[in-house]
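The following exercises concern the model shown below. Each task is followed by a solution in steps.

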Amino acid sequence: VHFPDVERVEWLNKVLVQAWPYFGTIMEKTFKEVLEPKIRAKSVHLKTCTFTKIHFGEKCPRINGIKAYTKEIDRRQVTLDLQICYIGDCEIHMDISKFNLGVKGVQLYGTLRVILEPLLTDAPFVGAVTLFFMQKPHLEINWAGMSNLLDVPGINVMSDTLIQDFIAARLVLPNRITVPLKKNMNIAHLRFPVPQGVIRVHLLEAENLVQKDSFLGAIRGKSDPYALLRVGTVQYRSKTVSRDLNPIWNETFEFVVHEVPGQDLEVDLYDEDPDKDDFMGSLLIGLVDVMNDRTVDEWFPLSKTTSGHLHLKLEWLSLVNDQEKLHEDKKGLSTAILIVYLDSAFNLPKNHFEYSNGECGAKKIKNNKYLKKMEREPSSFVLLTVGNKTQKSKTCNFSKDPKWGQAFTFFVHSAHSQSLHIEIKDKERDSALGTSVVCLSHLLKDPNMTLDQRFQLDHSSSDSFIKMKLVLRALNVEEPDPQRVKAGVNASKPGPVHATEKAGNQQKFASPQVSKVPPMSKDSAELESLPKKDNGEDLDIKDSSGAPVPSETVSGLNEAEGKQNAEHGPPSALPRGAVAVPTLPVLQEMRVAPSVTSLGSLPSSCFELSSSNLDIHNGTEMPLGEIQLTVRYASIRQSLVVLVNGCRNLVPSSNRGVDPYVRIYLLPDRRWTSRKKTSVKKKTLNPQYDEKFEFFESLENVKKRTLDIAVKNSRPFISQERKELGKVRIDLSQEDLIKGFAQW
């Protein structure tokens, strides 16, 4: 089944089911032989830790879909996005002294990115595998033991959140797990690649937000809105604008973007209340569009709410190795980014008295208990500071030569005057084991703006060093490609579809709501493929406009296709014969792939656009409007599927207004019986149909035919008004029908 965005991999799920018992046996052995000794060595209190039961259950993880990237990335790598869903019945119990702790069932779903690079010319053909989650995965744990103390509501949420943060700290971007497959493979640059860029978000204003404040459940008051902005694990909160449904913020936030395509900007609006803040709507913006457009300044419709638009200006900043771009910004915005690869330290002192003179140290050393503690190797962590931002590394226990292997990023306002401050501290005694200050101006002396060396530590022993690699990159707003059709408001995506438990590992899905398109782009009709339930039932779709939407379509399929910003004008305004260059559709990051039944018959899947040889017969040089069509050949059903999405900017044939409908023939057959016709839309020049028609013919026959599509005005029988509003013919011999196309 051809589905260009996300591919189903049932064969892989069958392999997983067969291999799961063997995987369980390996993991049981690992828990007993590797994990148990490690836990016991961590602390005196954990010396009695024993795993009493380890069973990974019958239910194995399921991969709902895989998306492979080959075009947008380097030739020496393969990138896969795996939509993982695990509703497991695993059981793990452990005893610690007199307490019994355990886990009885885990639910986990999220998008795991797998990068295979570099590709090699000899075995094993792939140098290393890198794994990470794009966003925090959804995690639920059923606890067992300790009289289910952890099921007490407050503690349960706390423990789940703690575990989720633990996973995020290790598995969510910008952190990665890299496993080398070839000996002597240097994986440092794979674990810590230079970020792809920086997104600068200007949160300007909102309008027509939903009223959330009520008094005694009746009188509606004005809300106090604020925004939460998120890219990956980094989140910022805006100021709160009190008592205003059309708030103006005028705030700026900057995010480091590590993976494009993949990472999105998430914006959630809330009404601040003394008890619980009310949700007012959200927005999900694909950063790949912003990267291509360079600058997007739009009103975006909010989803998951009944009304509201948000005005954002988004700027994509490339990272360039050019010192001339480092001039200071007058508005106080960042001009560069500093990436610190913290490697390791050597010969740290056991304590900060060891190399310092003075009575203070001598008095404390007399205490015997303290002396024993001091003889241990230090458990050290690093505090890194640039300007007013401080970041903390992980702790390396009991080592005078700790290895951290972590990367940190800092925004820099003035590379000529700012410095990086390093402080190594001992966890046990919270004392400094050494410090170092690196002026960023040293990096400017190097043509690549890079320093990779050992730095001598101050306030430490004479042979104590810290090994780091520092990379400085200027932030640069590039000019957009004048030939490119901007995505504009269509950069926004439907919210993520979350899976919930249903009959074991089968899922049912919540559909993203169709949100209202803002006034300035009301002609950008949007459609999107929608997953069906496993039992074939249609999903309920709530459309904020009240109009019924077919169960197979929802807002957002041809996002970005051939739709322009206000300044570009419609493609029909192009010279005759010219074809508007369509952008690729924004591929919605679907959490779950549709069922096989919907894949075979959906004409409204996200097809890549092909520029179609449209033969426009209107007899005049004036454009008569546009029609949006999605056409493909469904091999399983042996039929040509034509989806009439809608029309825009039709020219009225009378002052009375028009009631348009669409008529379709598959030429040369002009018989009345084979004619297809949509419903009539009353008094509109931008009708929205979303109606599907099928012509049951073999692919060979269809290739010899032409689609004849006319938009007509439904008028009284005796009326003198012009009936035909416009016509288009599509030569099907020129199209790749299996792949399909969708365009205005």
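**Exercise 1.** Determine which residues S238 touches, leaving out those up to four places away in sequence, and whether S238 is buried or exposed.

*Solution.* The model is a predicted one, and the contacts are read from it. Beyond four places in sequence, S238 touches L203, Y226, A227, W249, E251 and F253. Next, place the residue: S238 belongs to the loop between β12 (234–237) and β13 (248–257). Then consider its accessibility. The relative accessible area of S238 is 5%, and because buried means under 20%, S238 is classed as buried. Finally, examine the polar atoms: a polar atom of the S238 side chain lies 2.8 Å from the backbone nitrogen of A227. A227 is also one of the residues that S238 touches.

**Exercise 2.** Locate E259, and state which side chain joins that of E259 in a polar contact of 3.3 Å.

*Solution.* E259 is found in the loop between β13 and β14 (264–271). With a relative accessibility of 9%, E259 counts as buried. The polar contact of 3.3 Å links its side chain to that of R176. R176 also appears among the residues touched by E259, together with R113, I115, F132, M134, L173 and Q196, when residues up to four places away in sequence are not counted.

**Exercise 3.** For the loop residues G308 and T395, establish the degree of burial and the contacts made beyond four places in sequence.

*Solution.* Begin with G308, in the loop between β16 (295–301) and β17 (309–320). Its relative accessible area is 6%, so G308 is buried. G308 is in contact with E207, N208, L209, F300, P301 and L302, its neighbours within four places in sequence being left aside. In addition, the C-alpha atoms of G308 and G281 are 7.7 Å apart, with their positions 27 residues apart in sequence numbering.

Turn then to T395, in the loop between β20 (389–392) and β21. At 29% relative accessible area, T395 is partly exposed. With neighbours within four places again left aside, T395 is in contact with S379, S380, F381 and K427. The C-alpha atoms of T395 and S380 are separated by 5.4 Å, although these residues are 15 apart along the chain.

**Exercise 4.** Describe the largest nonpolar core, and identify the members that touch the most other members.

*Solution.* This core has 34 residues, of which L338, L420, I424, I466, L470 and L472 touch the most other members. The elements that give two or more residues to the core are β18 (336–346), β19 (380–386), β21 (403–412), β22 (419–426), β23 (432–439), α7 (441–444), β24 (450–456) and β25 (465–476). Another core, of 30 residues, lies apart from it and includes L229, L245, L265 and V290. Return to L420: among the residues it touches beyond four places in sequence are L338, V340, L384, F410, V438 and L470.

**Exercise 5.** Which residues form a nonpolar patch on the surface with about 230 Å² of accessible area together?

*Solution.* The patch consists of I177, V179 and L181. I177 is situated in strand β7 (residues 177–180), and its relative accessible area of 35% makes I177 partly exposed.

**Exercise 6.** Summarise the chain as a whole in terms of secondary structure, burial and contacts.

*Solution.* The secondary structure comprises nine helices and 39 strands. Of the 744 residues in the chain, 51% are buried. Among contacts between residues at least 6 apart in sequence, 68% join residues at least 24 apart. The accessible surface comes to about 36,500 Å², and carbon and sulfur atoms account for 54% of it.

Conventions. Residues numbered from 1 in each chain as written. Predicted model: local features only at pLDDT ≥ 70, side-chain atom pairs only at ≥ 80, totals over all residues. Heavy atoms only, no water. Core = buried A, V, L, I, M, F, W, Y, C linked by side-chain atoms within 4.5 Å. Buried < 20%, exposed > 50% of the residue type's maximum accessible area, 1.4 Å probe, protein only. Helix = DSSP H or I, 4+ residues; strand = E, 2+ residues; numbered from the N terminus. Contact = heavy atoms within 4.5 Å. Polar contact = N/O pair within 3.5 Å; in protein donor to acceptor, adjacent residues only side chain to side chain. Areas by Shrake-Rupley, 256 points an atom, 1.4 Å probe, with all protein chains shown as cover. Patch = residues over 30% accessible without salt bridge, like charges linked within 9 Å, V, L, I, M, F, W, Y side chains within 5 Å. Salt bridge = Lys/Arg side-chain N within 4 Å of Asp/Glu carboxyl O.
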